[in-house]
Amino acid sequence: MGPTSFDLNLLSLWSPGWGGVLLAGLMRSLEVAVGGFLLGLLIGIGGASAKLWGGKVLRDLLEVYTTVVRGVPELILILILYYAGTDAVNKLMLVLGLPSVDISGLAAGIFVIGVVQGAYSTEVLRGAIKAIPAGQLEAARAYGMSPLLSLRRITLPAMLPYAIPGLSNLWLIATKDTALLAVVGFSELTLVTRQAAGTTKAYMMFFLAAGVLYLLVTLLSNVILGAIEKRARRGLSREQAA
Amino acid sequence: MAETAQAIEVRDLHKRFGPLEVLKGVSLSAKQGDVIALIGGSGSGKSTFLRCINMLELPTAGSVTIHGETIELKKDGNGGLMPANRRQVQRIRTKLGMVFQSFNLWQHMTVLQNVIEVPVHVLGQPRDQAIEVAEALLRRVGLYEKRDAYPAFLSGGQQQRAAIARALAIQPLVMLFDEPTSALDPELVGEVLSVIGDLAREKRTMILVTHEMKFARQVASHVVYLHGGVIEEQGPPEQIFGDPQSERLKKFISSIH
Amino acid sequence: MAETAQAIEVRDLHKRFGPLEVLKGVSLSAKQGDVIALIGGSGSGKSTFLRCINMLELPTAGSVTIHGETIELKKDGNGGLMPANRRQVQRIRTKLGMVFQSFNLWQHMTVLQNVIEVPVHVLGQPRDQAIEVAEALLRRVGLYEKRDAYPAFLSGGQQQRAAIARALAIQPLVMLFDEPTSALDPELVGEVLSVIGDLAREKRTMILVTHEMKFARQVASHVVYLHGGVIEEQGPPEQIFGDPQSERLKKFISSIH
Amino acid sequence: AAEDIKIGVDSGPYPPFSSPDASGKWVGWEIEMMDAFCAEAKLTCTLSPIAFDGLIPALNAKKIDAIMSSMSITDERKKAIDFSDKYYNTPTAIIGPKGVKFEPTAEGLKGKVIGVQVSTIHAAYVQKYFAKSVAEVKEYQTQDEANNDLAAGRLDAIQADLVTLNDFLKTDQGKACCELKGNVQDDPAILGSGVGVGVRKEDTALKDKFNAAIKAVRANGTYDKISKKYFDFNIYGK
Amino acid sequence: MKDEATLVPMTYAPPKARSLLEPHRIALAAVFLAILVSAAYFMRWDWLPRYQDRLISGLWTTMLMLISTSVVGFVFAVPLGLVQVTGPKPLAWLANAFCTLIRGTPLLLQLWLLYYGLGSLFAQYPEIRSSWAWPYLRQAWPYGFAALTISFAAYEGEVMRGAFSGVPKGELEAARAYGMGRWTAFRRIWFPRAVYRTLPTLTGETVLQLKSTPLVATVTVMDLYSVITKVRQDTLLTYEPLLLLALIYLCLTGILVLAFRLLENRIPSRGN
Ligand SMILES: Nc1ncnc2c1ncn2[C@@H]1O[C@H](COP(=O)(O)OP(=O)(O)OP(=O)(O)O)[C@@H](O)[C@H]1O
Ligand SMILES: Nc1ncnc2c1ncn2[C@@H]1O[C@H](COP(=O)(O)OP(=O)(O)OP(=O)(O)O)[C@@H](O)[C@H]1O
Ligand SMILES: [Mg+2]
Ligand SMILES: [Mg+2]
């Protein structure tokens with residue numbers, strides 16, 4: 001068998017086909033992508049709030065965080081965070097006198113993707129909040145809403161249509177960034193593809209198969225995100241939406 | 001509560017933006033049912049005055065009393081004032097129905113949702129009841145058919161009428177209007193003025209900043225002319241418009257007409 | 001070339017957009033130095049007519065002759081016309097100075113670059129000479145100081161004056177103006193009209209679509225009233241504005257004034 | 001109760017020692033040996049695939065507790081981690097395309113492009129002995145990628161462990177393209193003294209457990225039983 | 001999801017320059033300086049001189065990769081964007097499919113597909129092996145170059161599509177009205193106008209491209225990242241080389257952003 005071989009039996013879902021392994025890898029990729037995206041969103045909400053309403057020092061620290069994350073290749077961040085992140089957690093546990101925790105590859109992967117996504121989320125959400133016409137927040141104040149209530153009832157929902165395009169983009173980036181975890185040996189789709197390809201020597205076929213899987217995820221995401229975006233923008237007229 | 005007779009009483013209000021003193025001691029009081037028209041040139045501080053009443057701007061000095069309850073203010077560090085009690089401010093705000101020049105409807109909610117938002121989520125009214133009230137109000141401002149539309153799809157005049165319904169839904173003690181028609185195309189001004197006119201005839205207490213002199217003359221019980229941060233002249237509409245005393249007011253009225 | 005006397009001659013122009021026939025046979029001719037004002041209600045086809053003259057819209061039928069040279073058209077497959085000779089159209093276009101309602105200056109070039117663009121890159125004039133002419137023109141429209149500014153940093157009136165300079169720079173046989181002032185704030189209209197007025201007094205041939213009736217009356221040598229795709233009435237300005245015949249024109253003039 | 005530990009293995013296929021099969025399970029001599037050691041030492045071992053060059057950092061970051069990934073015991077590595085006694089030792093060899101004759105020496109490799117797996121003893125050896133004479137040294141994340149590039153004509157030679165190279169030469173791809181050129185001259189300082197289980201320096205208890213297990217597995221015949229399935233020679237070395 | 005803004009990937013946006021001299025900033029700077037100094041002091045950097053030459057040559061490779069792939073990628077991006085706006089339909093569809101395909105799959109996978117998949121096919125054909133191209137096909141950089149170029153072309157092509165379609169119709173009409181032919185109008189008006197519109201996003205795209213370059217190390221190109229990998233395996237240090245690498249990339253990003261800003265400042269920012 002050479003690299004040209006297109007023995008489709010190799011893609012069968014059951015051994016000796018590698019299809020099952022690929023799908024399992026895809027699931028792992030998606031788990032990390034979903035987890036990392038959500039963690040990023042959480043960091044983003046906190047980061048955006050702090051950047052908008054936080055103290056000077058906090059704002060500057062966040063600026064450093066977003067600048068560094070956006071200026072350093074993801075691959076390098078992943079390497080640093082993958083080793084240093086868990087190392088730091090364990091050192092911290094040691095200082096606190098707790099037993100070192102067992103950080104699974106999955107948790108580490110989610111952490112790494114999440115920290116990277118968080119920087120971008122922060123900017124997306126901050127921009128979205130700033131895009132809300134000031135008058136709407138003022139109206140909330142004028143009618144006696146407390147800051148928390150107005151955040152929940154006005155700011156967050158009003159920001160959504162502005163944030164969703166950026167967040168959609170981030171989700172697509174998250175799905176693709178999981179591939180970088182292959183370099184640290186995390187068994188997501190790209191790595192298992194490489195293992196399958198290396199073992200069977202059917203490089204072309206397996207890489208193409210993985211490409212199709214990624215593309216399906218992207219296209220499906222596009223459809224769903226498009227629907228979500230349409231819904232979020234239902235209150236915006238055409239000019240505003242542009 | 002000796003002053004219950006006064007729906008609103010503002011005493012010696014000062015407001016300074018940095019080096020610029022916009023309000024230099026403005027006092028004003030309105031009895032229940034009064035319709036006060038606030039007029040004045042651009043930049044004379046009309047909006048600022050209105051916004052100080054519900055503490056959207058914090059005054060530098062002075063006091064505001066709504067139906068006998070004075071908003072408690074304390075000194076902040078920078079020579080200004082700040083609310084001593086946030087909750088009190090929030091509570092009093094629910095008694096002041098503010099209508100903005102640029103409508104400021106919440107864009108992510110339908111018209112009906114806009115109107116019930118404050119009753120349900122701030123005043124804690126049951127949703128059903130709030131909807132009932134809201135629908136009656138929307139019928140009144142002629143927007144019942146549009147209750148499920150989003151603001152962005154309404155004309156300016158319709159948006160402003162919805163904003164008035166939103167303000168009325170909290171059953172305010174005083175309505176505050178800040179140039180409610182000046183962001184509207186000329187052909188839409190009429191529909192909004194007619195709604196406000198109805199409210200005036202019902203003897204709702206209101207303070208109305210406007211450039212529509214003809215309208216002010218018709219509906220106001222009292223007209224206040226602001227200039228350079230102080231009240232230059234005030235009185236019943238016939239007097240202010242028919243027989244202005246100060247040179248400035250004369251010039252102002254002739255320039256507007 | 002029997003018709004050299006006519007600077008521009010349009011014969012029986014028809015234009016159809018799908019089912020909608022916008023121009024139903026419009027003929028018009030102008031001698032050297034004529035200033036023709038084209039007036040008419042919104043949607044009456046004024047812009048379409050102007051755009052057909054330089055083939056920005058292709059007419060469905062009819063002919064256009066500029067200084068004796070008729071634009072060659074041939075039938076396209078769909079019952080319309082198309083240029084028989086692209087180069088001819090391009091050449092004739094360089095003799096027609098079009099000024100648009102929305103200026104359409106090229107935003108990535110400075111004012112000066114905008115003005116010399118066509119002379120240098122279409123007409124092949126030496127750059128130095130083009131700059132000399134352009135600076136003279138800019139001085140004339142009062143924009144010499146702004147020659148190195150980008151259009152986005154100019155007011156609407158300045159932009160339109162720059163656009164007029166751009167049109168003049170090609171030394172056009174005929175100037176075409178499509179509502180040159182209607183995208184301008186009222187206070188900027190004057191400066192543009194005064195430039196156009198100067199051109200009219202110099203006896204530059206021009207066709208001017210406008211809603212500024214007073215101005216049209218002053219500068220036009222001939223006024224054409226378009227309605228429903230045909231010329232409803234035409235004549236010297238005194239007659240059209242002073243003694244309109246058709247009911248429609250009467251109504252139109254009274255609605256505008 | 002048995003102690004839970006995580007053992008790191010190179011995530012790239014390294015047959016016949018360790019490679020994933022189509023069901024995602026890891027198989028190979030070293031995997032079976034791992035099971036044997038763990039059973040002997042009463043450890044519950046979980047296998048954790050990690051990029052080869054990330055194994056030592058992962059061990060020190062406590063993401064894993066031991067390395068069993070054909071990692072040779074060298075002085076350089078001993079600066080960062082500790083090793084058990086060796087559990088196998090094989091010579092280092094060089095392979096190249098068929099039909100091109102050359103010796104596995106600096107002289108023979110002159111002007112050639114040689115490939116090695118990143119972070120291995122072979123990378124270090126090539127660096128020291130061949131770097132000056134070869135045209136280029138290419139480093140690969142996994143061994144099978146180097147093999148593949150040799151077959152694809154992008155390499156003129158590969159240096160690696162003799163056993164894994166032989167395994168490659170037995171595949172269709174290897175048979176078609178390449179052949180053994182011979183063993184390189186030994187240099188224990190770099191090539192080390194066999195393959196051991198890597199553990200953290202402070203983890204002497206675990207090291208002792210592995211040492212005992214290796215001894216026991218060799219003594220009770222399990223070692224030979226497993227090895228016979230894979231090799232027809234003595235993998236333990238002298 | 002279709003409008004241009006949403007399709008532009010997240011990019012680096014430099015912080016606004018505010019006063020660096022506020023007291024809390026000075027304190028923060030001091031803290032960072034302290035961290036830096038202690039990192040320099042407590043961590044191991046003795047390997048640096050030994051690898052100096054290789055680091056510089058790696059840096060050079062990285063820069064070469066960045067610049068060449070961005071320039072060539074941009075050249076491809078223009079037609080990719082243009083045909084999506086002007087058609088013809090089949091070409092527009094193809095260009096759109098290409099952009100979707102490339103942007104929908106990870107670059108790492110594309111790179112491996114090219115190098116390990118496609119690249120190893122060539123060897124089977126003696127015609128290729130004996131052709132002039134073989135010495136290049138044997139090496140790794142052509143594959144890295146191809147993958148990065150394709151990726152840049154796809155992302156920037158999408159940006160160019162938005163830029164071309166975003167040029168106000170009136171300006172193109174004015175070009176026609178003054179007798180410009182199609183080619184002149186494209187060369188003088190449409191293209192430069194579109195490029196100006198993309199400049200701000202071009203910064204971001206180029207920074208993204210810079211951040212993608214280390215991937216080529218996985219196919220044996222000796223770029224900066226792979227030199228650092230070498231340092232890591234030789235010295236068995238985990239953090240020091242990576243931190244240095246991060247720092248270098250951060251500097252490169254900063255330089256790129258500044259360079260683009262200088263370029264941007266030379267042309268009008270309004271009216272886009
Ligand atoms: N937040 C602010 N910061 C600084 N200056 C302000 C602020 N708000 C208002 N001003 C200034 O205060 C002055 C009064 O403004 P205000 O909006 O109250 O005038 P106005 O009478 O409502 O005018 P208009 O008829 O134009 O609405 C103006 O000079 C304005 O520039
Ligand atoms: N490209 C087009 N496709 C379809 N219909 C068009 C097109 N351009 C113009 N029309 C229609 O042709 C009619 C005449 O338009 P035109 O712009 O010539 O009117 P106008 O007299 O210039 O009006 P205005 O004073 O509003 O500028 C209108 O009904 C318009 O909708
Ligand atoms: Mg105001
Ligand atoms: Mg028109």
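Where in chain E does UniProt place the feature "transmembrane region"? The unreviewed UniProt entry places it at residues 26-43, 55-79, 91-115 and 242-263 of chain E. The structure shown here is a predicted model, and the points below look at two of those spans and then at how chain E meets chain A.

**Two of the annotated spans in chain E**
- Residues 26-43 of chain E are 94% helix and 0% strand, and the C-alpha atoms at the two ends of this span lie 25 Å apart.
- Residues 55-79 of chain E are 100% helix and 0% strand, with the end C-alpha atoms 37 Å apart.

**A helix pair between chains A and E**
- Helix H2 of chain A, which covers residues 56-71, packs against helix H2 of chain E, which covers residues 23-42, at an angle of about 45 degrees and with the axes 10 Å apart.
- Because of that angle, H2(A) counts as oblique to H2(E), and the crossing of the two helices is right-handed.
- On the side of H2(A), the residues that meet H2(E) are A:Lys56, A:Val57, A:Asp60, A:Leu61 and A:Val64, while H2(E) contributes E:His24, E:Arg25, E:Leu28 and E:Phe32.
- Sorted by character, the residues of this helix contact comprise 5 nonpolar, 1 polar and 3 charged.

**The whole interface of chains A and E**
- Chain A brings 52 residues to the contact, and chain E brings 49 residues.
- About 4500 Å² is buried between chain A and chain E, and carbon and sulfur atoms give 72% of this area.
- Within the area that chain A buries against chain E, A:Arg70, A:Lys176 and A:Phe207 supply 13%, more than any other three residues.

Methods
Residues are numbered from 1 along each chain as its sequence is written. Chains are lettered from A and ligands numbered from 1 in the order in which they are written. This is a predicted model: local features need pLDDT of at least 70, side-chain atom pairs count only at pLDDT 80 or more; totals for chains, interfaces and linings use all residues. Side-chain values use heavy atoms; hydrogens and water are left out. UniProt positions are given in the numbering used here, feature names are shortened, and annotations may be inferred rather than shown by experiment. Helices (H or I, at least four residues) and strands (E, at least two) are DSSP runs, numbered from the N terminus. Axes are lines fitted to C-alpha atoms, for helices over the stretch in contact, and angles run from 0 to 180 degrees between N-to-C directions. Angles under 35 degrees count as roughly parallel, over 145 as roughly antiparallel, 65 to 115 as roughly perpendicular and the rest as oblique. A crossing is left-handed if the near helix is turned anticlockwise from the far one by less than a right angle, and right-handed if clockwise. Contact means heavy atoms within 4.5 Å. Ala, Val, Leu, Ile, Met, Phe, Trp, Tyr, Cys and Pro count as nonpolar, Asp, Glu, Lys and Arg as charged, and the others, Gly among them, as polar. Buried area is the accessible area (1.4 Å probe) that two parts lose on being put together, summed over both.
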